[in-house]
Each structure stands twice: as structure tokens, then as C-alpha cells.
Amino acid sequence: MIRAVIDIIVSIAAGFYTTGRHLFVRPVTESYPEYKRPLPARSRARIILTRDPEGRERCVACYLCSGVCPVNCISMQAAEDSQGRRYAAWFRINFGRCIYCGLCEQACPTSAIQLTPDFEHIRRDILDMVFEKQDLLVDLCGKDPDYDFYQHAGVVVGLAGKGDHISENPPVNTRTNMP
Amino acid sequence: MWIWLLGYLVLMAKITAVLTAVMVLAAYLVLVERKLLGRFQVRYGPNRAGIYGILQPVADGIKLLLKEDLVPEGADRAIFLAAPAVVATTALMMFAVVPFGPRLTIGGREIPMVITDINVGLLYVFALSSLGVYGVALGGWASNSKYALLGGIRGAAQMISYELALGLSIVPVVMLAGSFSLVDIVNAQAGLPFILVQPLAFGVFLISAMAETKRIPFDLPEAETELGAGYHTEYSGMRFGLFFLGEYVHMQVMGALVAVFFLGGWRGPVLPPPVWLLVKIVFVVLFMIWVRATLPRLRYDQLMNLGWKVLIPLALVNILITGAFVAA
Amino acid sequence: MPKLIIDNREIEVPEGTKVIKAAEKLGIYIPRFCFHHALGAVGACRVCAVKFQEGPVDGVQMSCMIDAQDGMKVSTADPEAADFRRSVIEWLMLNHPHDCPVCDEGGHCLLQDLTVAGGHGIRRSKGRKRTYTDQYLGPLVYHEMNRCIQCYRCVRFYREYSGYSDLGVTGIAGRVYFGRLREGILESPFAGNLIDICPTGVYTDRPSRYTGRRWDFERTPGVCIHCSLGCRTTVSARYRQVVRVEGRFSQQVNRDFICDRGRYGFYYADRPGRPRNGRINGQTVSAQQAVEEARDRLQRITQEHGPEAVGIIGSARSSLQTLSALVHLCHTTGWQGPVFRNTWIAGAAADAAVRALSPENAFSMREIETADAILAVGADPVNEAPMLALAMRQAQRTGAEIIAIDPRPLDWPFDFAHLACRAEEMEETLASAAERLSASRRPVVICGTEITDDGIVMQAADLVAGLRGSDKRAGLFCTMPQANSFGAALLDESNACAADLADRIETGQIRALAVFESDLWHVFPDRSRLSTALEKLDLLVSVDFLDTPLFENADIGIPSLTVFEAGGIYVNQEGRAQQVRPAHTGGLPIAAAGLGDHPPRSFSPDVPGRDMPAAWAAAFSLSGQAPPETDAQMTAWMRDNFAVLADLAHMEADGVRLFAGRKVSIPDEAQIPEKKPDQFLELLPAPTIFGGEPMSGHSQCLRELAGLPAVWMARADADRLGIADDDRVSLGFENIEVTLNVRISDPMAQGVLVVYRHPDIDWQPAPDGKRIFISEDQIRRIEKA
């Protein structure tokens, strides 16, 4: 009983000692606008659309990012260009709604949509927070520099025909029954 | 006639001085608390409004005044609007009986350094403290919100429970001083402050006082993690400000009462008496802040156990012992 | 009735039920790729494996191949079976390309779902993937063979179920290929169903390619209004525009599938030329202004010349709401009409059909599938009511004998006996063919109403009555010209036709005409008479969602909502009233609002272009009345005001059957068709599947399939006139010259020139009371093939 009471008193006193000691410790706070800490590449802030190593748009407008977005801030319209590539005719992110959860980046099968550490993009007008494709598109490959989705997809796009992609056999000859 | 008018003016001057001091102190206590909490947690606390953030209370006040005063749909409007005023007023009115110095003699006329010296001052304080429960309970009930209602119910239960311990803990002090008047109690400590005679009563009173002011570790009525903001969830703007003000004034009242009952009130060497009272109040309040920075919130059953099974029996035993000594 | 236990639950199923279907009855879904309830089982995919724990069959077996038997104890969750299924999916994925992001099936892909369900996420195989070259299969279906998992659903549907043979399977082992022998347009008008039944993305929808994912679509149950059958559809809309229509299962009507006209005919709703603003004397105004102007001017004419000076014309492509609102409009104002019949004879045939059908003898398409003999008179299902052809095909597959009596060259996907004859011989042929039904137990008589007259319909009804009298389960099935022909006939009180109003316009009795959703310009038998009549009018009001020539030339044009925006009730040819819900909110599609680029960067709670009224609301407004506010109130109003529509209160999932029992109508005297004079050929305008009705001609993809406009003639006639296949001829009749390609057919009636309606032929009169005869010297050959 007495031991228990002593324990209680000691533990409470230890708590008071800990907090009290902090009064004489230099705060660890980094004062933000005066000092800007360099953020790691995987930090989640402003979203960009990257390009593949050949400099073409990576986004194929598959709607996965808009489908996974918990706040429905991504909208787009897919279209097909003259080469047969699927691309986004328009692509819009409403950063007024975005919660920077990064699910779009996880869902993206082509590494096109990526979050960057640049978090300072506040605008005074809410409509300026609505970014269109030209605002989002950058001339970089981003975090997955070597990946080119169409090299793996196996659909005919531009000059690459059936069997010309990574890990593909040439097209089957359906006119023969030879083994 | 003249004398009467002069007495009235002096009373007004005292009320003005006390209210101003209390309000300004309340505003800056907020800042002090935030700064200190910051330091307790190894950060800076507010430091943007003015140098070291000293304009923060002004900014907060302006913000609260400019915010929209929302009344939720389905709220009991009259009660909802009145509740914050009840909390703030009762807290402020308690200062009426706190003495802040010995009698002053100006022009052969004695002026008591207390707004009014009621002979049942202590009961007056407890009466007002009980009335304050209405502000919390009714504010919570009138909001028509489950969080506010739960907060209000918890507040009522907690404040009523700890009022008992608060009252009982002070009985030995009354027995020693032989009076309910706060002036007499201070005077009774001319030799020795009661904290040295009644350490147990001091402990029980301090803990109960923190519970009465609904401060961590007794902030169940607000309990942000469970109830949003408890009984004042639905309040905004200056009405929320009044709840906030009430809480900090209440802290000061409790600091003042601790000073009056146990620390010798305004008595002290060198410094003028009101300053001594202020120092003691601030000291008690700083201790409350330190407690807030250190202890976690109690669970509801722990809260009730502490009140009913520890503090009240301790206070009763203390009364018996003190009674025996006084009688002997 | 074998009893078996599946996952510890007992069920009793009819003899011959497969275990996979027995499980379905218990609500247990066994994975499958090749099994389809309409196509049956082949056991090709091996993914429906379950564990047979006790009973006559032992071990892991395919649940789609094994009949339920007494004493079976089946576990679907047994680790051995689950592991088997997981492995099967991984094998199927060995050669499946990594192209889900650019595949339109993604999001509603069975293979995708089961791959995820089976837990196969990371490819373990180091092997290379098999590839195929794809084929161009026409404007509707996109082919991507790499994705194939060899379930054989496509060929089973295409060849067995629908009876076309140009798509098939070739190759063996790892070279199995599903496609055409040579690249080319699929011949079947049901090819769009390949998209629905393919469990993965081998066949995808070409017109709506890349428009969106299924999860983004607002999917609404709809009813097809491109023919009179009223097939169930699922309408997918996105960004205020219909993007895709798919078949929806219906027990009684279309079962699983729909035809390509129903699937792709919706493009009229959002094409750029669609009227979205009102017009007053050529000036663009808002829709509401146009309504108010029309109301004021019609009231002025009514005050000056009396209510008889205003005529109202409706059409059978309008919803039941519009039709009943028009009847009500004429009741309250005293205006003339409403006229629902384009021509007297076509209306009379439909009217006869409505009167002949009763709850006892009216068959649904489901009952046609189980018929053992079918006699089709003056009906060309492939062109008039395509899904009926699929139903007949199912009957034929189970051994039904099919006889067709028709002057046209019929191209049906099943075997049938064609008794080609002209209209005047039809009655006789029908009488003689009826004897061939005597051996059957469940005969059906299918009767068209587009090229026949009411006499034939009544004769067909009598035949059915006679067959029922001799203790057969006989049924009558009438096809009708338009989606709501049955509803129009139910509500039509005047039995007048457009020509009757033309008479009164010519005498100056009618001074103002309001035309609701009718393409008078195309369907009125005598165009020159129509244009002079319309010029005599003081006021012509057109309410339409299509930019018809009439709408363009009207004094006041009021744009109306399509079925996708307004919904409505449509009564199909067997009297089944079906409710259509609006598929989207209406208003200018976002694609149009953003001019093809991204949507406008502005915020507004209003939707541009939403002030268009539904046609029925416009009808109320023209008489100055406030229309009922909601669809439900409108339906209640219809029930309360029209005795024939009272049964709408009992609307169920399968619709509600309305019959003419409550309609008081005197049967018209049947007319005997006039004889064809010698040295003359009968010109028979006939409906056609693509572009044959007013709406589907606006779909670009269907126009491609419609081919070139052509005139068909019997070989004997062609030989006599010295015309060969593919020649171009010029037909001169009634001061109009039409140049067409010639198609020669053996099995068609001699002395008939069949011209199928075609969006490129400007004027295609529906046959009216008098048949059109062309003397042989009016047929001039211009070019040799």
C-alpha cells in the first residue's frame, strides 16, 4: 500500500521533472519562413504529370487516379491521338480540394502522376487552384526515370507493332497448323 | 450624502480596478499558458503576433469578435445565448470578496481593500461556483448536439462532485480562522500561512480547484479527443470567447482562493500587498499549467473514484483531526 | 429432381441443371469465364472448378460441366479447388498483356475482377508473351486479340446463338485465333453483343473508345426506343452526355442481348446539330421564350378563328406522357387532333394489331423462343425489330419450322421457307400456309404492320384464334413501326391521319399547326402537297429534339428533351408499358460547353442549356396550363385521366401489360389491296435496320454500316428490263427522280421494287392507302456496273 503510494508519487514527480526540465531546453522548432528544410523526394505536395524517357506524355488517361481520389479532385477526358496512343485530352486537378494523400501516385500504372515536395503553391483565388494539364505537365521523368509504359503494354502504338515490345514473341501465324 | 457618494465612487473604482486587472490577466494568461506549454513541449509557442507574440491576445480577441455568431438549428435559442454569460459572470463575481490588501487609510477614512467584505464570503464564493455549473450544463444541453450534451452532463456531474471535496477541504481553515469572511481568514494567517498548518487541506483544495475549473487532467467536459469540444462544441465567436474567458478567470479565482486560504493572501514582505496577491495567484496558475503539461486526462471512473473515494474521505478525516486539535 | 449440398446448404434443382447454376440459385457465385447462362457451358476456361467431396463425382471438377445429381456434396471454398482456380487464373494471365490502363474493358473486366479476387498480383513467369495481329471488324467493334483467354464465348454467341458465320475460330494449341477469315466489317447486326459477353477486352466498343471507365458513368436502366420491341438497356452517361448503351437482362423481352441499332442509335441525343435553343422566325431565342411566343400566337389564332383553326400532330416516337398530354391539350382547347398516324393505312394496321392483341394471345419474345412453328407475315424482323430475329433463331435452333410470307428479299440468320408474294396475294398465301401449322403444338404468327394493311393483321389474329380453338398454345406477335405505336393506338381517338389535316389546311379551316416530335417532312406520302399546305399556314410550331427539316422551317421551333433527359413510358408492340428513367440531368454536355477542351473555368450552380422542356411539358404550356411538377405526378395524372392507362399503377420490373380492352373503337372495314397493273412495278418503301427510323440515322457509326442506298428487284424482273446487279438506275415517280444502285435477289416477289429507307434518301414515304406503281419505262439505267 505504502509502496504503491510511493510509486505513484515518484512517477508523478518524474513526469513533472521531465516537463519542467524542458523549460530549460532549446526548442527544436524550425521557424518556417526563415528556414526552409530541404524535403525528401517522396514528400507529398504539388502534383505533376511527368514524361517518359523519350519526352512523350506518360499519362494515358486511364482514370485510375480520378477513381481512387478520395476527394474527387481529379478529372480528365481520355482521347486517342493519330499514333494510337491514349492520352488525356484535358486533365484537371482541383488543388482547392486535394488533400495530398498520394493515392493517385500509388494508383498510377504509368508513373505519370507524381507528388513533389513543393508545397508552397497557395493562390488567393480558388479558381487559380484549379490546375489544367498545361500547368501540371513538366519536362522531367520524375521518380521513375526509365519507365515507359508503352514498351510493356503490347498494344500497337506508332511504329512499334505486335511483338516489338519488351518480352513479346512475334505475332502468331494463324494460317498454319504445323507445330 | 457626500460620504455616501464618495463611498460609491470608491467602490466603483475598486470594481473597475479589479475587473480590469482580472480581464487583462486572463488574456495574458492565455498567452503565458500557450508559451509555457510550448516550452514544456520543446517548441516556441506563439511568436508571430508582435515580439515574442505579446500581441497574440489582442489578435485572438479581434478574431473572436469578428467571427460569425452561429446558433445551431434546433438549439434552445435563449438558453444557448445566455449560457456563456452565466459562466463568465459567475467567475468574475467571485472576485468581489477577495481581499487584496490591508485597510488603507486615506484622509482619516479607512478604505477596505476588498470590493465587499461579506461575513459569509466563503459561502458566497461556493454559491457562485455552483451557479457556474448551470452555464456549462445548460450550454451543453441547449446546443442540440450530442457532443455538447455529453460534455454538459459530464461537466455538471464533475463540478457537483468536486464541489463537495472543495467545500469540505476548507472547513478546517474556517475552524482555524473562526470566520467565513475572507478578510478574517487572511487576517488569521498573520503569523503562519495555513498551508503549513493544513497541508492536507491544501492538497485536497488544489486538486478540487483544478477539477472545478475543468482543467487537464480534469477536462472531461471538453475532452477534445472524445467530444469535439464538449459543452462548447457549437459555440463560435465571442460566445465561445466568454466560455474561454470564464475558464481563465475561474483559474485566477481559484489561484486567489488558494492564496487567501493557504498562502496568507496579500501578506508578504517588501512588496506592496496587491502585488503579493498577484504573485501568489500567478504562482498557483503557473503550477496548474505545469500540471496540464504533465498529466494525462483521467478516465471518467478514475475521476469519480478520486473525488468520492479519496478526496472527500481525506477532507472528512482532516476535519475530524482539526476538530480534535481545535477542541483540545 | 436431384438434391445436392453446396457449401453445406441443400438445394433441389431440376434434372439436367449444371452445378454452377444450382450454386447460383443458392446465391453462391462460382467464378467463370466461358460459362454464360444464355450460351451454356463448354468447359474451356477451367476456372469454375469446385471440389466434389461426396457422391457420384469425386475430386476437383468443372462445375459448369457436371449435372447436379442426388447425394452430391460440393465445396466451392475447399483449399484444393481454390488453389486450382488461382493457378488457372495465373496461367490465363501468362499471355495476357500488361495493357489494362489503355484497355476500355478495365473497370468492368471479368478477368480483371477474378485476377484480383484470386490474389494474383505479381507476374512470376519469366517467359515471353504470345501476340496476335488484330483485325478491323467494322465501325462498332474494336479487336485486340492479345487479351484473349480462349473462352469461346464470342464464337458461341456469334455462330450458334445469333446464327452468323463470318466470325469464327482458327488454329490449334497456342495459336487459337478468334476473328474473321479476312479482315472486314462484321455482318451480324448483333455484333455489339460481343463487347458485352467477352469476359475481357478482346472486343471493345469502338464508337465510345476511351470515353471513360464504368465507375465514372451514371448508369441508368433504360428502354430502347429504336423499334417497337422495347428492349431493356443500361444507359451510361458521363458529363451530361450519353456515352454507351448496353443490353440489360429482361426475362420477358430481350433476355441478355440487344441489337446494334439499339446499342449505337443514341448519338442523335448529343450531336452538335441538335436543337438546344428556341427559334422564332429564324431568330434564336431561349426555349422558354419560344414556348411563350407559341402559346400567345396560338391563343390569338384561337380567338380570331375559333379553336378549329389549330391542328396538333404527334408521333409514335414520343413517350406516353407526351401522347396523353397532347390528347389532353386538344380536349381542353378544342384544337383539332391530335393526329398520331402518318398515313391512314399504317395507322389502321397498328390499330388492328392493338385491338387483336389480348392478354391470352399476345406472346412475348420469350415465348417465341419456345415456339415450335413460326409463321411470319409481312414482317422482316432483322430490319423492323432486330431482336425478334434472335428470338426466332432460338426457336429454330430447337427445331421450329419457320415460314415467311413477304415480298421483300429476306436475309435472316436462320433457315426458313420464304413464300414471296405481293400485297394482293398475301391473304391467299397466308390462308394456304396456315395449314402447315397444323402439326405444331406451340405455333406463333408474327405479323408486321408496316407493309401490310389491317386486313392481314385481322386475318392473322383470326388464324391464331382458330389455332387456339383447336387446343394449341398459339400466340400472336405483331411488330409495329415505332417505339410507342401501341401507346399511340391506345390513345388515338380520332383515327385521323396527317392527310386529313392537310385537307383542312387546304380548305383554310386550319390556320396553325403544332407538330410534336414528328418528322412530317420525311413520312408524309405526298411531299409537294405537304409543302404547299405548310406554306398556307399562318403559324407552324415544331417541338422536337431532332433538327428535322420541319423544325428548321417552322415559324416557332421549341427544342424538347430526349428520352435520356426526360425519361418516359413507352408501350412496346405486345402492350408492355415500360418506364424509362432519365439517364442524366440534361443541359449542354461538358464536352460542348468546353468547346472540346477542358470544361470552362468558372463556377456556377446552374447547368447551361437546362431550360428545355420535355415535349409533354411543352404541350401543357401551349394551353397555358402548368404541367405536373414531377414525373411521378405526371404518371399519376395520366392514370387518373385516361382509363386505358389505369394499369400503370401496377408497373413492375418487367413493366405492365396494357391492352385495348377499355378502349372503345369501331373496327374499320378492311380494304382489299388494289391489283398491280401490268407493265407496272410496285415501289415498296421498306424499313431497314440502320437509319431506317428517324433517330439512328444520326449515328455516324451506323451510317457507315447502312451502305449505299439501293433498290432491290427480283431476278425475273431484272432480266426482263435488262438490268444487272450493281447497275445504277434512276426511278422517276411523282415528279421526283431518285438514283439508286440495283440489287438483284432471287427469293423476292416479282413485280416489286423494294427501296429500303436510308438516311441518304431524302424522302421515303410510308405507304399510304394507295400503293405506288411505277411504269417500267420510268426505270432508266444510267450506268453499268
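Contact here means heavy atoms within 4.5 Å. By that test, no contact joins chain B and chain C, and their closest C-alpha atoms lie 25 Å apart. Two pairs of chains do touch, and the pair with the most contacts is A and C.

This is a predicted model: local features need pLDDT of at least 70, side-chain atom pairs count only at pLDDT 80 or more, and totals for chains, interfaces and linings use all residues. Residues are numbered from 1 along each chain as its sequence is written, chains are lettered from A and ligands numbered from 1 in the order in which they are written, and side-chain values use heavy atoms, with hydrogens and water left out.

**Domains of chain C**

Domain bounds come from an automatic or database domain assignment. For chain C it gives domain 1 (3–94), domain 2 (127–270), domain 3 (278–343 + 487–600 + 607–657), domain 4 (347–480) and domain 5 (680–782). The centres of domain 1 and domain 5 of chain C, taken over C-alpha atoms, are 54 Å apart.

**Nonpolar cores**

Buried means under 20% relative accessible area, exposed means over 50%, and partly exposed lies in between (1.4 Å probe, protein chains only). A nonpolar core is a set of buried Ala, Val, Leu, Ile, Met, Phe, Trp, Tyr and Cys residues joined through side-chain atoms within 4.5 Å. The largest has 98 residues, and C:Leu320 and C:Phe516 have the most contacts inside it. Another core, of 82 residues, lies apart from it; C:Val202, C:Val242, C:Ala385 and C:Leu390 are among its members.

What does C:Phe516 touch? Leaving out residues up to four places away in sequence, its partners include C:Ile312, C:Ile313, C:Leu326, C:Val543 and C:Leu622.

**The five-stranded sheet**

Helices (H or I, at least four residues) and strands (E, at least two) are DSSP runs, numbered from the N terminus. Two strands pair if DSSP finds at least two bridges between them. One open sheet of chain C has five strands in the order 20-19-18-21-22, with parallel pairing. Strand 20 (417–419) and strand 22 (475–478) of chain C are its edges, each pairing on one side only. From one strand to the next, the twist averages 15°. Axes are lines fitted to C-alpha atoms, for helices over the stretch in contact, and angles run from 0 to 180 degrees between N-to-C directions.

Helix 12 (residues 386–397) of chain C packs on this sheet and touches strand 18 (373–377), strand 19 (401–405), strand 21 and strand 22 of chain C. Its direction makes about 150° with that of strand 18 of chain C. Helix 14 of chain C lies across strand 18, strand 21 and strand 22 of chain C, at about 170° to strand 21 of chain C.

Helix 14 (residues 454–469) also has a helix neighbour: its axis and that of helix 13 (residues 423–433) of chain C come within 10 Å and cross at roughly 10°. Angles under 35 degrees count as roughly parallel, so helix 13 and helix 14 of chain C are roughly parallel to each other. Where they meet, helix 13 of chain C brings C:Met426, C:Glu427, C:Leu430 and C:Ala431, and helix 14 of chain C brings C:Ile456, C:Gln459, C:Ala460 and C:Leu463.

**Strand pairings in chain C**

| Strands of chain C | Sense | Bridges | A bridge pair |
|---|---|---|---|
| 21 (443–447) and 22 | parallel | four | C:Val444 and C:Gly475 |
| 24 (539–544) and 25 | parallel | four | C:Val541 and C:Ile556 |
| 14 (278–280) and 25 | antiparallel | two | C:Arg279 and C:Gly557 |
| 27 (576–580) and 28 | antiparallel | two | C:Ala577 and C:Val656 |

In a regular strand the side chains alternate between the two faces of the sheet. In strand 25 (residues 556–559) of chain C, C:Ile556 and C:Ile558 point one way, C:Gly557 and C:Pro559 point the other way, and all are buried.

**Backbone exceptions**

Most residues other than glycine have a negative phi, and most peptide bonds are trans. A:Ala61 is not a glycine, yet its phi is positive, about 50°. A:Ala61 sits in the loop between strand 1 (47–49) and helix 2 (64–68) of chain A. Is A:Ala61 buried or exposed? At 1% relative accessibility, A:Ala61 counts as buried.

B:Lys214 also has a positive phi, about 55°. B:Lys214 is buried, with a relative accessible area of 6%. Its place is the loop between helix 8 and helix 9 of chain B. B:Pro217 lies in the loop between helix 8 (199–212) and helix 9 (224–227) of chain B. The peptide bond from B:Ile216 to B:Pro217 is cis, with omega near 10°.

Notes. Angles under 35 degrees count as roughly parallel, over 145 as roughly antiparallel, 65 to 115 as roughly perpendicular and the rest as oblique.
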